[in-house]
Amino acid sequence: MGVAILAVWDPFHLLLASWFVGVAVGVATALVTVWLLWTLRSRFLRGLLATAIGLALFVWAGLVWVRSALSPGLEVLAEVPGPPDSRLRLVVLEVQTGAVDRRTYSVRVRAGRGLLAQESQLWVAGGAEARPSQVRFVDARTVEVIARGVCGYRSTVDPVTLSVAPVHRPPPGDGC
């Protein structure tokens, strides 16, 4: 149960958090159901509970699958390594959605690889001219994104949890 709560809370911004949540909540629900079935004495209540939770788990699995199937694709456009002796890196992504006339770009900070890789969004903007022209680490905890050639956005990143403050979402158009 604690693993499910930790997966939903996601304090470490795991890249595969949605899958961890789906599996952890499903397993926790199944374990609680087994415990409840073990403690109930009435066959009717056992059958009713098993049927209800079985249907709920089926719907939950469907929702997890649909969410993963409908999530937008991400094309990596550039990757910038972090400061020396850092596990951080910046990734510039094009978010591939169904919108024909509006591209969306995102800059995210990532750490690690594999199942426990971490990721946090720090900047996102839409429009053909929105692609950032430069992303860089100012220091070990500060990141700067330059967009439209002149607009600078700075964010602070916690190197352990990858918490970002602030997350920039500039409005579309020519202004900063």
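Glu79 is partly exposed, with 43% relative accessible area. In this predicted model, Glu79 has a charged partner: its side chain meets that of Arg89 in a salt bridge, 3.0 Å from N to O. The two residues are 10 apart and sit in separate strands, with Glu79 in strand β1 (residues 73–81) and Arg89 in strand β2 (residues 88–96). Arg89 has a relative accessibility of 11%. Because the cut-off for buried is under 20%, Arg89 counts as buried, whereas Glu79 is partly exposed.

Why do such side chains come together at all? Side chains of opposite charge can pair when their charged atoms come close. The structure holds 5 salt bridges. Arg108, Arg110 and Glu119 belong to a network of these contacts.

Another charged residue to look for is Glu144. With a relative accessibility of 12%, Glu144 counts as buried. Glu144 forms a salt bridge with Arg136, where the closest N and O atoms are 2.8 Å apart. Glu144 also forms one with Arg154, and here the closest N and O atoms are 3.4 Å apart. That second contact ties together parts that are 10 residues apart in sequence, because Glu144 lies in strand β6 and Arg154 in strand β7. Both arginines are partly exposed: Arg136 has a relative accessible area of 32%, and Arg154 has 44%.

Glu144 leads us straight to strand β6, so let's stay there for a moment. How many of the residues of β6 are buried? The count is 6 of 6, so the strand is mostly covered, given that buried means under 20% relative accessible area. In a regular strand the side chains alternate between the two faces of the sheet. You can follow this in β6: Thr142, Glu144 and Ile146 point one way, while Val143, Val145 and Ala147 point the other way, and all are buried. The predictor is also at its most confident here. Strand β6 (residues 142–147) has the highest confidence in the chain, at a mean of 91.

Now look at what sits on either side of β6. Strands of a sheet pair through backbone hydrogen bonds, either parallel or antiparallel. Strand β5 (residues 132–137) pairs with β6 in the antiparallel sense, over 5 bridges. Within that pairing, Gln134 stands opposite Ile146 in β6. The two strands form a hairpin, with 4 residues between them.

On the other side comes β7, which runs antiparallel to β6 and is joined to it by 6 bridges. Here Ala147 has Cys151 in β7 as its bridge partner. These strands make a hairpin as well, this time with 3 residues between them. In its turn you'll find Arg148, which has a positive phi of about 55°.

Moving along, β7 also pairs with β8, again in the antiparallel sense, over 2 bridges. Thr156 stands opposite Ala165 in β8. Put the pieces together and you have an open sheet of 4 strands, in the order β5-β6-β7-β8, with antiparallel pairing. Which strands stand at the edges? They are β5 and β8 (164–165), each with a single partner strand, so one side of each is left without a neighbour in the sheet.

Strand β7 is part of one more contact, an aromatic one. A search of the whole structure finds 1 aromatic pair. Its members are Trp123 and Tyr153, with ring centres 6.5 Å apart and planes at 45° to each other, which makes the pair tilted. The pair links distant parts of the chain: Trp123 is in strand β4 (residues 118–126) and Tyr153 is in strand β7 (residues 151–157), 30 residues apart. Are these two residues buried or exposed? Trp123 is buried, at a relative accessible area of 0%, and Tyr153 is buried too, at 11%.

For a change of scene, turn to the helices. Val27 lies in helix α2 (residues 17–39). With 45% relative accessibility, Val27 counts as partly exposed. Together with Val23 and Leu31, Val27 makes a nonpolar surface patch of about 280 Å².

Finally, a word on how far to trust the picture. The chain averages a pLDDT of 82, and 81% of the residues score at least 70. Helix α1 (residues 2–9) is where confidence is lowest, at a mean of 64.

Conventions: Residues numbered from 1 in each chain as written. Predicted model: local features only at pLDDT ≥ 70, side-chain atom pairs only at ≥ 80, totals over all residues. Heavy atoms only, no water. pLDDT = per-residue confidence, 0-100. Phe/Tyr/Trp six-rings, centres within 6.5 Å; stacked < 30°, edge-to-face > 60°. Buried < 20%, exposed > 50% of the residue type's maximum accessible area, 1.4 Å probe, protein only. Patch = residues over 30% accessible without salt bridge, like charges linked within 9 Å, V, L, I, M, F, W, Y side chains within 5 Å. Areas by Shrake-Rupley, 256 points an atom, 1.4 Å probe, with all protein chains shown as cover. Salt bridge = Lys/Arg side-chain N within 4 Å of Asp/Glu carboxyl O. Pairing = 2+ DSSP bridges.
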